[in-house]
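Student: Could we go through this model together, and could you tell me how each label is earned?

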Amino acid sequence: MIRKLVRFLDQRTGTAPIARKTLRYLFPDHWSFLLGEVALYCFIVLVVTGTYLALFYTDSTADVVYHGSYVPLQGQHMTEAYRSVLDISFKVKAGLLIRQTHHWAADVFVAAIFLHLLRIFFTGAYRKPREVTYWLGVTILTVTLLEGYLGYSLADDLLSGMGLAIGNAVALSIPFVGANLGALIWGGPFPGTHAFFARMYIAHVFLIPALIAVLLTAHLVLVALKHHTQFKKSPRETERKIVGVPTFPGQTPRSLGLMLGVAGILVLLGGLVQINPIWEWGPFHTYVSTNGAQPDWYLGWLIGALRLMPSWDWTVGDYTLVPNPFWGGALFPMIVFAFLYLWPWLERKLTGDHAFHNLADRPRDAPLRTAVGFGVFTWVMLIFMAGASDRVFVFLGIGYQTQIWFYRVAIFTLPFLAAYVAYRVCVELEAGERVEHDVEAATREAKTERLLRPEEEPL
Amino acid sequence: MSRLLLVTVLALALAGGAGAQGPAGDAKRGSELYGRYCYACHGPNGEGRTHVTIGAAPLRTQAQQKGMGPSLQGVGALAADFYLETGYMPLPKIGIQPRRSRVVLTSGEIASLTAYVASLGKGPPVPTPHPSRGNLALGFHSFSDHCAGCHQIVAEGGYVTGALPPALEDASAVQIAEAVRIGPFVMPRFSEQAISNHELDSIIAYVQYAKHPDDRGGWALGHLGPVPEGLVTWFVGAAACLGFCVVIGQRLRKS
Amino acid sequence: MKEGLRKLLLGLAVDAIRRPAPKPLRPGERERIVPDGPPEPRGELLALALLGFGTVCAIAFVAVYVTDRIPNQTQFLGLSLGLALTSFAAALIVTAKKLIVTEELEEDYPAEEHPEEQQLVVQTVHDSGSRLTRRTLFKLGLGTAGGALGVALLTPLASLGPVIDMDPFYGTPWKGGRRLVDENGRPWRAGDIEEKDFYTAFPEGADREQLGSAVVVIRLAASDFKLPKEIAAYPAHGIAAFSKICTHAGCAISLYRTPLFPPYDPAPALVCPCHYSTFDPATGGTVTFGPAGRKLPMLPLYVDGKGHLRAAGNFDEPVGPSWWGVRLRKPSP
């Protein structure tokens, strides 16, 4: 039967050669190489659950009065969009499960991309010839952050509405063109026209997923064309020779198993752990707010940056050159993404290494890269933690203002310390390995020269 | 028989006239307790001590200085009951925010002290809210308007510059009614004109609901929103996926 | 049919018990591509058991879905479907580790580059321009045409919003004589406004969601104000109104800090819950803590003949977050 199917397909598409190559494509066998797949499977879960949700969501901001089953909102004014999400959560069977699975998938998707980025960065997999693959990946990350933000803002609840107001303020804070850009996107000053939600909706369910799909396809095609990098686990792996497990039969059940496993974890979270209970936050109004409002985790680095800035609008006479939110909300992420995009070029400049690389480094094999990467990571992580200072105050009693001052000093000092420590650790680990290697070589020599008996070891 | 009836009626009338919840307060016993716990900061007749004297400063413990506290004349049984039942008072250090703490007085002592403070001037009695008569939707709406900015939308507490609006999970209906009418520390004071008794009943109904809100989505993570959700994303979601990867893939053997 | 069913069941039973030996290569058969491996009956049983468990869970999901309104339905739905998926995942992983041969093969990386093909491509492009004599002019023409067409195609995007006209950013619904009303449209009276409380007010008849609408109203003792002279007359009998929209990033200022015991409790302040920008109402809304770069706009008030609060004009500054022109003009109604 397989023979009949393969013959049918090859006669009509001519793809048997491609199929043969694909079936025997070699995957280097290391667990860290599966992180990209985890991200891919999260994306698939997002598309499937998102399609389902789109069949029930209404993107209208028309004012309605709620008469559904949730008592605390009885008789309250809200938008149709918010009500449709309430109905998905309360009226549609399995609606809440799929909504929560979708939201958990979004959060884990970004985490998986980030873990995958860490693996690519700290093993030098972005080096020639894979820079384009890497840039495609960083672009996917950037676009995904926006996609998630738009997604949870579609619900029009109090928390995400406050987040949209802040996003609008960051847009406005861009020098020279901010207000014009904001007016363009929102259709005027915040909260904008009724069409704004339609724009968010189309961007979230069509434009950006299509963009991500295209970038992702290009990313995967490039990975396949140039083949994966690999760790040097034995003398067999070299810059010219790849050692790995073929797609079929070896890799297929593993990948399928990982896909079902990731989907299973996301569905378990979606059913067992509540996320974004919008009925508890209430509908958004520009004149209402709540304490403790936070964006989803992958934007937490920005709220930290916004809170750390001291009170300062940079003005030139009466012209406001740089409003305050620009530094934390726009410039800070631009610096981080610029670092990510420019790093392959920067590393080439700093090390003078222009060669092709198919072998992945262990982090300790590239102390400069590991140190710089760890330093930048520490910088971003500290700013991220600053964003939760109010909760730390509530739980641990450490004064909020004290924490702000601590972070303002720490973000300019601790990253350098962290980079130095990382550098020293890499160098020491490498030195230790060299000593061990020399001892082993000497032992072998001693045994060959019969200075030691075969079962003896040196002191 | 009729004499017994008369005595009973008189006793009940006296007890009702005291105006306190629970056991009737003895104002005379209250004045002794006042002398022990309150005199140093609030003055001999509850007029308060606001003048700075030698050795007095914020955050220095009471044993070392003359205390400082606002006037209690006219605050009524409402305020005394609130501060004593919650353990806000006695305050361990001058100038810090009063917080819910272990109550050192028995309920009889609290009643007596409340009666004494009430006698210091004409003030409001201990309120008798009826949250069951309130409207939950109105309560949610009012709470969002007046309270959520400081106390968070599901009353999990929060931060305001210089103070800690507490979570309200331990607040009783009477305590909520009292706090709203007092405005302790830096909380605004909402009079009956601003928030009617019916609206207050509704707000209390909502706060009581918020202690166990509708969490049909699963484990609620403390109702704090994206921060604990992010922790679960990393320590459960990403960790589990990472676990799958480690089980499926190979580890790096020493070369 | 009964005979067929009996054969099937017998076959299944035999499969469950039998441990077959590996089949040797018969003469005439090709060399194997994927090598042989020993059977792993325990692994097979484990995988089958996991598949069976997963099947039960998947059916349970359907059953829970169909059942009406059981408590914790979302949890049971998630648990059943999630366990089904993870069981199938586990079955596949067992298959991968125990039931198929994991080959470790070698092959060459693809070529670093293809110099001959590159040469052919470059030459093809060069050769095709043989009939052109005015290359530079042509390139210029194509470039400007493409650029102009691009601009033309992008131009309709300007319809998305008022991208040149900044008037909407300065306008608010407030003007002299507008009454302050609450959320239900009831006018605020001066007598309603007590000290140590804060109130939300809107312009009568206006869209409440507009950023320029909502104001927060408080009352201080008239002697507590320390206002600069431009806005010294803004409060009415100690009642002051400020824009409720934070000048940092646009959240609603819904925190009012008011001391019960003034010498020690912190001074009155309007605070924003997003990044804790703190504004001092006594000085007209100046920033005392937090990242806001601009004071809170203040609305001039007066009390009319009937005791109702009315605006005496527009705010002293544009409302909302800062942008490049926020200090260039005063707000207009």
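Student: What makes strand β5 (residues 241-246) of chain A and β1(C) a pair?

Tutor: Two strands pair if DSSP finds at least two bridges between them, and four bridges join β5 of chain A to β1(C), so they count as a pair, here an antiparallel one. In β1(C), C:L105 is the bridge partner of A:G244. Strands (E, at least two residues) and helices (H or I, at least four) are DSSP runs, numbered from the N terminus. Keep in mind that this is a predicted model, where local features need pLDDT of at least 70, side-chain atom pairs count only at pLDDT 80 or more, and totals for chains, interfaces and linings use all residues. Residues are numbered from 1 along each chain as its sequence is written, while chains are lettered from A and ligands numbered from 1 in the order in which they are written.

Student: How many residues does each chain bring to the contact between chains A and C?

Tutor: Chain C brings 66 residues and chain A brings 75, where contact means that C-beta atoms, placed from the backbone, lie within 7 Å. On the chain C side, α3(C) gives the most, with 15 residues. That side divides into 37 nonpolar, 18 polar and eleven charged residues. Here Ala, Val, Leu, Ile, Met, Phe, Trp, Tyr, Cys and Pro are nonpolar, Asp, Glu, Lys and Arg are charged, and the others, Gly among them, are polar.

Student: Why are α5(A) and α6(A) called roughly antiparallel?

Tutor: The axes of α5 (residues 95-122) and α6 (residues 131-153) of chain A come within 11 Å and cross at roughly 160°. Axes are lines fitted to C-alpha atoms, for helices over the stretch in contact, and angles run from 0 to 180 degrees between N-to-C directions. Angles over 145 degrees count as roughly antiparallel (under 35 roughly parallel, 65 to 115 roughly perpendicular, the rest oblique), so α5(A) and α6(A) earn the label.

Student: Which residues meet there?

Tutor: Among them, A:H103, A:F109 and A:L117 of α5(A) face a set in α6(A) including A:Y134, A:L141 and A:G148. This contact has eleven nonpolar, five polar and no charged residues.

Student: What makes β2 and β10 of chain C edge strands?

Tutor: Each pairs on one side only. They belong to an open sheet of five strands, ordered β2-β3-β4-β5-β10 (chain C), with antiparallel pairing. Within that sheet, β3 (residues 198-203) and β4 (residues 215-219) of chain C share four bridges, and C:Y199 has C:V217 as its partner in β4(C).

Notes: Contact = placed C-beta atoms within 7 Å.
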